[in-house]
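Please open the structure in your viewer and keep the selection tool at hand, since this tour moves from one selection to the next and says what is found at each stop.

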Amino acid sequence: MGATALVGELALRLGNEVIGACAERGVVLMPLKGVLLLARWPDLRGRRDLVDIDLLVRPRDFRTAGLVLRGLGFEQTARSSAAGTFASDAWPLSIDLHHRLYAHGLFHASTDGVFGRAELDESLFADPVARMSDEDLIAHLIGHFVKGRGTFLRDKSLDDIRWLLKQGCLRLEDAERLGAHLRELGLQRAAGYVLSHGSFRDEPVASAVLRSLRLSPVDRTSIAIARLSTDASGGSPRWWTPHLLDRSLVAGSQSFLKHADEGVRRLVRRLGEA
């Protein structure tokens with residue numbers, strides 16, 4: 001078994017253990033990104049690598065899920081306004097436990113909304129999980145790429161989107177619905193930034209979704225500025241790029257200030273610990 005396949009197997013085992021332990025406390029988890037893809041599409045095992053597993057929990061259950069992780073030997077090593085990172089010497093993979101999909105109030109994807117659109121799936125893990133809708137899956141991968149300031153040279157989220165499109169996860173007739181969903185989640189600029197990139201030019205579903213976004217002149221200008229600034233910095237987005245691609249200028253300004261405030265607080269905390 002190769003290293004990628006081994007890590008994937010460990011991720012699924014760890015996911016089963018955490019999901020089962022949370023289920024015993026009445027907490028239903030939603031697997032995200034890599035661990036979800038490996039569980040749902042076995043063909044990706046051995047091909048899709050990962051360094052952690054991401055799980056989403058309703059805000060009201062975040063504390064309980066954290067206590068469950070501590071009971072399994074994990075300790076919280078980092079936190080943000082959207083998630084906590086937990087690690088254990090017994091496992092080579094850390095766990096990112098999210099109560100929001102995005103920090104700093106980026107976009108408009110509420111956790112309750114994502115859970116409300118999900119289906120309870122008993123086939124993926126040893127215990128039932130909330131499986132996010134295909135529209136939310138694509139939307140989250142787009143938002144994660146933008147939020148994480150990924151590069152178009154190589155990024156797992158982009159690779160995942162391309163793979164899902166090739167698998168027929170979404171069809172041409174779904175494009176209008178996905179475009180409306182992305183607008184509703186405040187991801188129209190983020191999606192326009194991603195799907196207008198040359199690497200998606202020959203993908204008919206991506207092109208159809210891009211047309212269905214109905215981008216305004218302000219949306220298009222924001223996307224153009226984001227792309228120009230990214231190109232000017234050697235393909236690496238600036239730290240403020242996600243806020244420029246937020247759902248509106250007002251929302252982007254608010255998320256920008258929250259991000260800056262969190263950074264200052266983190267710096268002060270580090271200086272106090274020095």
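**A strand and its partners**

Begin by selecting Thr77, which, leaving aside its neighbours within four places in sequence, is in contact with Thr85, Phe86 and Ala87. Keep in mind throughout that this is a predicted model. Thr77 lies in strand 3, residues 75-79, and it counts as exposed because its relative accessibility is 55%, where exposed means over 50%. If you also select Pro204, which is 127 residues away from Thr77 along the chain, you will find that the C-alpha atoms of the two are separated by 42 Å.

Now extend the selection to strand 4, residues 83-87, which pairs with strand 3 in the antiparallel sense over four bridges. A hairpin of three residues joins strand 3 to strand 4, and one pair to pick out here is Gln76 with its bridge partner in strand 4, Phe86. From there, add strand 5, residues 94-98, which pairs with strand 4 in the antiparallel sense, again over four bridges. The hairpin that joins strand 4 to strand 5 runs through six residues, and Ala83 stands opposite His98 in strand 5. While these strands are on screen, look at their side chains and recall that in a regular strand the side chains alternate between the two faces of the sheet.

**Into the core**

Next, select Leu29, Met30, Ile95, Leu164, Leu182, Tyr193 and Val194, which are the residues with the most contacts inside the largest nonpolar core, a group of 82 residues. The largest share of this core, eight residues, comes from helix 1, residues 3-24. If you then centre the view on Met30 and leave aside its neighbours within four places in sequence, you will find it in contact with Asp54, Leu55, Leu56, Val114, Phe115, Ala118, Ala130 and Met132.

**Salt bridges**

Asp54, one of the contacts of Met30, leads to the next stop, where its side chain meets that of Lys33 in a salt bridge of 3.5 Å, N to O. Lys33 lies in helix 2, residues 33-40, and Asp54 in strand 2, residues 52-56, so the pair ties together parts that are 21 residues apart in sequence. Are these two partners buried or exposed? Lys33 is buried, with a relative accessible area of 13%, and Asp54 is buried as well, at 3%.

Stay with helix 2 and select Arg40, whose side chain meets that of Asp134 in a salt bridge of 2.9 Å, N to O. Since Arg40 lies in helix 2 and Asp134 in helix 5, residues 134-147, this pair ties together parts that are 94 residues apart in sequence. Arg40 counts as partly exposed, at 22% relative accessibility.

Then select Arg48 and Asp160, whose side chains meet in a salt bridge of 2.7 Å, N to O. Arg48 lies in the loop between helix 2 and strand 2, and Asp160 in helix 6, residues 156-166, so the parts tied together here are 112 residues apart in sequence. Arg48 is buried at 10% relative accessible area, and Asp160 is buried at 5%. As a further selection, take Glu135, Arg171, Glu173, Asp174 and Arg177, which are joined into one network by salt bridges that share partners.

**A patch on the surface**

Finish by selecting Ile225, Trp239, Trp240, Phe256 and Leu257, which form a nonpolar patch on the surface with about 460 Å² of accessible area together. Phe256 has its place in helix 12, residues 249-273, and is partly exposed, with a relative accessible area of 30%.

Notes
Residues numbered from 1 in each chain as written. Predicted model: local features only at pLDDT ≥ 70, side-chain atom pairs only at ≥ 80, totals over all residues. Heavy atoms only, no water. Core = buried A, V, L, I, M, F, W, Y, C linked by side-chain atoms within 4.5 Å. Buried < 20%, exposed > 50% of the residue type's maximum accessible area, 1.4 Å probe, protein only. Helix = DSSP H or I, 4+ residues; strand = E, 2+ residues; numbered from the N terminus. Contact = heavy atoms within 4.5 Å. Patch = residues over 30% accessible without salt bridge, like charges linked within 9 Å, V, L, I, M, F, W, Y side chains within 5 Å. Areas by Shrake-Rupley, 256 points an atom, 1.4 Å probe, with all protein chains shown as cover. Salt bridge = Lys/Arg side-chain N within 4 Å of Asp/Glu carboxyl O. Pairing = 2+ DSSP bridges.
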